[in-house]
Amino acid sequence: MSRIQKILVVGGGTAGWLTACYLARTLNGAAPGSIRVELLESPNIGLLGVGEATFPSIRGTLAAIGLDERRFLVGATATYKQGIQYVNWVRPPGAAGADRFFHPFSQPSQRPGSPELLPYWLLGGAPEGMSFAEAVSMQQRLIEQGRAPKRLVDADYQGPMNHAYHFDAACFARVLAEHGQELGVTRHLATVERAELDESGAIARIVTRETGELRADLYVDCTGLRGALIGGTMQSPFHSRRDVLFGDRAVALQVPYARPDAPILPFTRATAQEAGWIWDIGLQKRRGIGYVYSSRHTDATRAEEVIRRYVGEQAAGLEALHIKFETGYRPEHWRRNCVAVGLAGGFVEPLESTGIALVELGAYLIAHLLPGDLDDMERSARHYNQMMVARYERIIDFIKMHYCLSQRRDHAFWIDNADPASIPQTLQDRLALWRHRPPHRLDFVTDLEMFLPCSWQYVLYGMEFRTDLEPMRSAYPQMAAARREFAMIREMAGHALVDLPDHRTLVEQLCREH
Ligand code: FAD
């Protein structure tokens with residue numbers, strides 16, 4: 001029996017450093033030095049440099065790698081993200097009816113002994129016109145008022161409101177690189193020229209110009225969209241899902257705040273546009289704004305015009321960054337002794353910020369499925385690939401739901417998104433079932449899902465989806481108790497508004513005290 005002694009991570013972006021930190025911390029926790037983790041990054045090839053919004057799983061990951069929250073906030077110029085506000089997704093701007101809804105990160109309130117609130121909201125138990133998110137959780141009211149998710153006294157990565165972060169991707173990679181080296185990761189600055197295979201088709205060695213040859217038992221490809229090892233050397237094919245999610249380009253601007261004390265949004269704002277959507281993210285010193293669009297429905301010149309119009313006069317003189325990408329993944333993320341993490345393995349367009357969360361999952365799966373015996377490598381690979389494919393497909397369904405439920409028919413992009421031929425059958429089946437009953441926990445296989453059932457519910461009902469529960473009304477006899485719960489959530493939100501600090505104030509205090 002021979003065991004893994006050395007892992008080489010190739011690539012020093014968010015994927016590379018987060019994976020290296022996670023593996024160094026978790027694999028060597030019990031027996032220091034038992035598995036060496038090394039990282040190779042090119043001094044000449046840059047990072048993608050976008051990827052500013054995260055998912056709440058990041059808190060667990062940063063805590064697991066032992067990175068102090070204040071050090072992270074300062075180094076990555078991070079702020080708090082408590083959900084996403086969707087603007088103009090249901091109807092085009094100017095059409096009658098409010099068109100904003102929230103996907104907050106906190107789950108609906110459910111106190112022991114009280115009923116699940118969703119059916120009672122569907123049956124009209126909440127105050128007239130109150131959205132699902134506002135009725136069942138206090139987070140929407142708090143973030144509309146610019147509150148932080150926690151107080152100064154709360155422990156690292158903890159707080160009353162569920163949250164993630166916004167940050168500068170390049171700064172984040174730098175903090176992780178420092179921390180990774182403190183955890184014992186050896187760093188090589190070199191560019192892969194080629195990888196050579198042994199007779200079984202596994203990678204035998206990596207050849208670099210600067211440091212010669214490097215060998216390992218497992219190679220983790222984090223070379224970004226290039227996929228230098230998994231695509232280039234191992235020839236693992238890419239499965240495009242552009243037929244479902246049309247976004248394949250982005251144009252981004254870094255926009256300074258008008259005033260140094262301008263409020264920082266504690267959520268991502270996602271505003272639908274003629275051929276995609278614009279993200280608007282508040283960092284400590286600037287906003288990150290980007291238009292994700294479909295090149296089949298508009299072009300780069302028009303896209304830049306749209307984003308500049310969104311930003312207004314502050315866009316004058318700012319340089320726009322244009323990016324190409326494609327939604328899809330490699331069904332074989334792991335082939336022989338090479339496993340891809342991050343953009344090298346796949347990517348789903350950035351709505352709901354799944355990129356870094358998929359990196360976290362990749363690192364977690366490698367750490368926990370790592371074969372004890374090198375002869376078991378193929379078995380681990382099969383398991384890993386099954387989990388990843390399932391996760392990707394569920395994420396793609398969830399993201400597509402945002403587009404296909406829209407009532408917008410003002411541009412070809414929205415008309416094409418409603419075409420059933422572009423909607424996966426799994427999503428069509430779920431939506432058909434949910435016309436007559438609300439989503440249930442059992443519709444979701446927890447280990448395969450990134451999004452909890454409540455995320456599906458927030459988006460589904462935010463998009464004004466109708467579930468006709470009237471024929472089942474008698475199955476829900478606790479209307480009076482539900483009404484008391486709705487009232488209590490409003491009352492608690494009032495207390496929390498007093499208790500929780502302003503977002504910018506908290507971020508500045510935490511950074512000052514670092
Ligand atoms: P990269 O950042 O590209 O890093 C690649 C690394 O590999 C670099 O260090 C480079 O030097 C190295 N490298 C490449 N080739 C070689 C070689 N031959 N030899 C040695 N080293 C090499 N994710 C989110 O979670 N939230 C978001 O809001 C979000 N927004 C996004 C918006 C857009 C438009 C896009 C395209 C992506 C977005 N993502 C987002 C995804 C996110 O950016 C990535 O998942 C994340 O940055 C990880 O990137 P990476 O490390 O895989 O690749």
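Two strands are said to pair if DSSP finds at least two bridges between them. In this structure, which is a predicted model, strand 14 (residues 268–273) and strand 15 (residues 276–282) are joined by 5 bridges and run antiparallel. Within this pairing, alanine 270 has tryptophan 279 of strand 15 as its bridge partner.

## The sheet of 7 strands

Strands 14 and 15 belong to an open sheet of 7 strands, whose order is 5-4-14-15-16-13-17 and whose pairing is mixed. Strand 5 (100–104) and strand 17 (321–324) stand at the edges, and because each has a single partner strand, one side of each is left without a neighbour in the sheet. On average, and with direction ignored, neighbouring strands of this sheet are turned by 20 degrees against each other.

Helix 9 (residues 300–311) packs on this sheet, where it touches strand 13 (249–256), strand 14, strand 15, strand 16 (286–293) and strand 17, and the direction of helix 9 makes about 30 degrees with that of strand 13. Helix 14 (residues 453–462), for its part, lies across strand 4 (83–87) and strand 5, running at about 175 degrees to strand 5.

## The sheet of 3 strands

An open sheet is also formed by 3 strands in the order 8-9-10, with antiparallel pairing. Its edges are strand 8 (192–197) and strand 10 (212–214), each with a single partner strand, so one side of each is left without a neighbour in the sheet. From one strand to the next, the twist averages 25 degrees. Strand 8 is joined by 5 bridges to strand 9 (residues 203–208), and the two run antiparallel; here leucine 197 stands opposite isoleucine 203 in strand 9.

## Two packed helices

Two packed helices are described by the angle between their axes and the distance between the axes. For helix 1 (residues 14–27) and helix 7 (residues 169–182), the angle is about 30 degrees and the axes are 9 Å apart. Helix 1 is therefore roughly parallel to helix 7, since angles under 35 degrees count as roughly parallel. The crossing of the two helices is left-handed. Residues that meet here include Trp17, Leu18 and Cys21 in helix 1, and Phe172, Leu176 and His179 in helix 7.

## Three buried residues

A residue counts as buried if 20 or more other C-beta atoms lie within 10 Å of its own, and the table gives the count for three residues.

| Residue | Other C-beta atoms within 10 Å | State |
|---|---|---|
| Glutamate 352 | 22 C-beta atoms | buried |
| Lysine 81 | 27 C-beta atoms | buried |
| Leucine 8 | 25 C-beta atoms | buried |

The UniProt annotation "binding site", from an unreviewed entry, covers Glu352, and the annotation "binding site", again from an unreviewed entry, covers Lys81. Glutamate 352 is placed in the loop between strand 21 (346–347) and helix 10 (355–369), and, when neighbours within four places in sequence are left aside, glutamate 352 is in contact with Ile84, Phe398 and Ile399. Lysine 81 is found in strand 3 (residues 79–81), and its contacts beyond four places in sequence include Ala53, His163, Tyr165 and Phe267.

Leucine 8 lies in strand 1 (residues 6–10). Not counting residues up to four places away in sequence, leucine 8 touches Glu38, Leu40, Ile206, Leu214, Ala216 and Tyr219. Measuring C-alpha to C-alpha, leucine 8 and glutamine 82 are 35 Å apart in space, and they are 74 residues apart in sequence.

Terms used: Residues are numbered from 1 along each chain as its sequence is written. This is a predicted model: local features need pLDDT of at least 70, side-chain atom pairs count only at pLDDT 80 or more; totals for chains, interfaces and linings use all residues. UniProt positions are given in the numbering used here, feature names are shortened, and annotations may be inferred rather than shown by experiment. Helices (H or I, at least four residues) and strands (E, at least two) are DSSP runs, numbered from the N terminus. A residue is buried if 20 or more other C-beta atoms lie within 10 Å of its own, exposed if 12 or fewer, and partly exposed in between; C-beta atoms are placed from the backbone. Two residues are in contact if their C-beta atoms, placed from the backbone, lie within 7 Å. Axes are lines fitted to C-alpha atoms, for helices over the stretch in contact, and angles run from 0 to 180 degrees between N-to-C directions. Angles under 35 degrees count as roughly parallel, over 145 as roughly antiparallel, 65 to 115 as roughly perpendicular and the rest as oblique. A crossing is left-handed if the near helix is turned anticlockwise from the far one by less than a right angle, and right-handed if clockwise.
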